[in-house]
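The following exercises ask you to work from backbone pairing to metal coordination, with each solution set out step by step. Please look over the sequence and the model before reading the solutions.

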Amino acid sequence: MAQKISGGCACGAIHYECNADPVVMLNCHCRDCQRASGSAYAAVVVVPKRAVQMRGEPRYYKAVGKAGKAIERGFCPTCGSQVTVKLERLPDALGLQAGSLDDPSIHRPKMDVFTSSAQPWDHMNPNIQKHTEGLPS
Ligand SMILES: [Zn+2]
Ligand SMILES: [Zn+2]
């Protein structure tokens with residue numbers, strides 16, 4: 001049985017629950033994720049969209065990534081916490097920002113993506129897959 005995944009933003013206006021296992025967990029080192037997070041990378045737990053129940057409405061900021069596909073980053077309009085990521089490449093999936101989880105320790109990244117943009121001060125786990133650009137197709 002799938003573990004229940006839950007989380008939300010810092011002020012509590014947005015809360016989500018998911019009753020399915022993650023599809024993939026990854027760390028994205030692209031410049032867009034760096035700018036949006038203000039840090040080295042985005043740690044994202046990708047889950048089936050239909051399994052997610054959302055309370056509150058994230059505001060979405062849309063950007064077109066290097067591969068020409070849109071990414072929308074959802075954040076709380078009140079406290080600014082990033083909570084979700086919608087990927088045009090994966091329309092049936094929803095990314096959850098690992099730091100927004102109630103238990104962020106469940107994040108077990110399988111791969112690093114866009115490592116071509118990774119920063120020298122960003123030390124990556126050498127034991128997981130590396131992709132210089134986006135998700136392999
Ligand atoms: Zn909030
Ligand atoms: Zn990224």
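**Exercise 1: the sheet**

Strands β1 and β2 run antiparallel and are joined by 4 bridges; in this predicted model, determine which strand order the open sheet has and which strands stand at its edges.

Solution. Begin with the pairing of β1 and β2, in which glycine 7 stands opposite tyrosine 16 of β2. In the hairpin that these two strands form, 6 residues lie between the strands, and glycine 12 adopts a positive phi near 90°.

Next, take β2, residues 15–18, which also pairs with β5 in the antiparallel sense, again over 4 bridges; here histidine 15 has arginine 55 in β5 as its bridge partner.

Putting the two pairings together gives an open sheet of 3 strands in the order β1-β2-β5, with antiparallel pairing. Because β1 (5–8) and β5 (52–55) each have a single partner strand, they stand at the edges, and one side of each is left without a neighbour in the sheet. Neighbouring strands of this sheet are turned by 10° against each other on average, with direction ignored.

**Exercise 2: the zinc site**

Identify which residues coordinate the zinc ion (ligand 2) and what spacing the donors follow along the chain.

Solution. First, list the coordinating atoms, which are the SG atoms of Cys28, Cys30 and Cys33, at 2.1 to 2.2 Å from the zinc ion (ligand 2). Then place these donors along the chain, where they follow the spacing C-x1-C-x2-C. Finally, consider accessibility: cysteine 28 and cysteine 33 are both buried, that is, under 20% relative accessible area.

Conventions
Residues numbered from 1 in each chain as written. Chains lettered and ligands numbered in written order. Predicted model: local features only at pLDDT ≥ 70, side-chain atom pairs only at ≥ 80, totals over all residues. Heavy atoms only, no water. Pairing = 2+ DSSP bridges. Axes fitted to C-alpha atoms, helices over the stretch in contact; angles between N-to-C directions. Donors = N, O, S within 2.8 Å, 3.2 Å for Na, K, Ca; no water. Buried < 20%, exposed > 50% of the residue type's maximum accessible area, 1.4 Å probe, protein only.
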